Every structure is written in C-alpha cells, then in structure tokens.
Amino acid sequence: MPGTHKRAFEWVKSVNESVLWQEKARWVVADKYYTSSGVSAGMDMALGFIADQRGKNIAEKISFEIEYSWNDNPNNDLFA
C-alpha cells in the first residue's frame, strides 16, 4: 500500500470517488472536521486546530517547545 504522501494521491482518489479531494491543500477544515494530506501535514493541522481553539500564540509556543517548524498556512503545500 502506498504511503501517506502526495505521491500516493492518485491511488487515494481512486479509493473513493465520492470524496471531494482537494489536491493543493496541506490540511482542510470543513465544519467541525479537520483532515490532513499526510504525516507532517497532520502535525501542521493539529497545531492549526490548537490555533483555532486556543489561539495562534499557544500553537506557536507548542511548536517551539517541541522543536517543530510549523507550516501554519493550510494552502502552502510544497508537495502538492
């Protein structure tokens, strides 16, 4: 089975054609649902969720504390 990265995107789209896939998004927020395009994108999404719920300053502090370089823009996906 392919990995959770963009190189597997065509396979992922073929699994369920009724899903409205967004090809150029690192993560997507739809109502109360958050989905990401992969593993590191999931880290970015989790910090995005924290920013939405608790504020960007908290998410930035967590990112610093875990020594993670947060991509805080869901539309900036260098792998898309």
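Leaving out residues up to four places away in sequence, which residues does Ser63 touch? Select Ser63 and keep that in mind while we walk through the chain; the answer comes at the stop on α3. One thing to know before clicking around: this is a predicted model.

**The whole chain**

Start with everything shown as a cartoon. You should find three helices and two strands, in the order α-β-β-α-α from the N terminus on. The C-alpha trace spans about 40 × 25 × 20 Å along its principal axes. Try colouring by accessibility: of the 80 residues in the chain, 25% are buried. If you like contact maps, look at the pairs with a separation of 6 or more: 36% of those contacts are between residues 24 or more positions apart.

**Helix α1**

Next, select residues 9-15, which form helix α1, and pick out Glu10 in it. Glu10 counts as exposed because its relative accessibility is 55%. Now add Glu23 and draw a distance between the two C-alpha atoms: Glu10 and Glu23 are 13 residues apart along the chain, and the separation is 9.8 Å.

**The hairpin**

Move on to residues 27-30 (β1) and 33-36 (β2), which run antiparallel and are joined by four bridges. For a pair to line up on screen, take Val28, which stands opposite Thr35 in β2. The two strands make a hairpin, with two residues between them.

Zoom in on Asp31, in the loop between β1 and β2. Its phi is positive, about 60 degrees, although Asp31 is not a glycine. Buried or exposed, then, is Asp31? Exposed, because its relative accessible area is 77%.

Now select Tyr34. Leaving aside neighbours within four places in sequence, Tyr34 is in contact with Trp27, Val28 and Val29, and also with Met45, Gly48, Phe49, Asp52 and Gln53.

**The core**

Switch to side chains and select Trp27, Tyr34, Met45, Leu47, Ala51, Ala59 and Trp70: these seven residues are the largest nonpolar core. Which helix gives the largest share of this core? That would be α2, with three residues. As background, nonpolar side chains tend to be buried together in soluble globular proteins.

**Where α2 meets α3**

Hide the rest and keep α2 (residues 39-54) and α3 (residues 56-65). They pack at an angle of about 145 degrees, and their axes are 6 Å apart. The crossing of α2 past α3 is right-handed. To see who makes the contact, show Leu47, Ile50, Ala51 and Arg54 on α2, then Lys56, Ile58, Ala59, Ile62 and Ser63 on α3. Coloured by class, that contact has six nonpolar residues, one polar and two charged.

Back to the opening question. Ser63 lies in helix α3 and counts as buried, because its relative accessibility is 5%. Not counting residues up to four places away in sequence, Ser63 touches Leu47, Tyr68, Ser69 and Trp70. Two of the names on that list, Leu47 and Trp70, also appear in the nonpolar core.

**After α3**

Last stop: Glu67, in the segment after α3. Check its backbone torsions, since phi of Glu67 is near 55 degrees, a positive value in a residue other than glycine. Glu67 is exposed, with a relative accessible area of 74%.

Methods:
Residues numbered from 1 in each chain as written. Predicted model: local features only at pLDDT ≥ 70, side-chain atom pairs only at ≥ 80, totals over all residues. Heavy atoms only, no water. Axes fitted to C-alpha atoms, helices over the stretch in contact; angles between N-to-C directions. Left-handed = near helix turned anticlockwise from the far one by under 90°. Contact = heavy atoms within 4.5 Å. Nonpolar A, V, L, I, M, F, W, Y, C, P; charged D, E, K, R; others polar. Core = buried A, V, L, I, M, F, W, Y, C linked by side-chain atoms within 4.5 Å. Buried < 20%, exposed > 50% of the residue type's maximum accessible area, 1.4 Å probe, protein only. Pairing = 2+ DSSP bridges.
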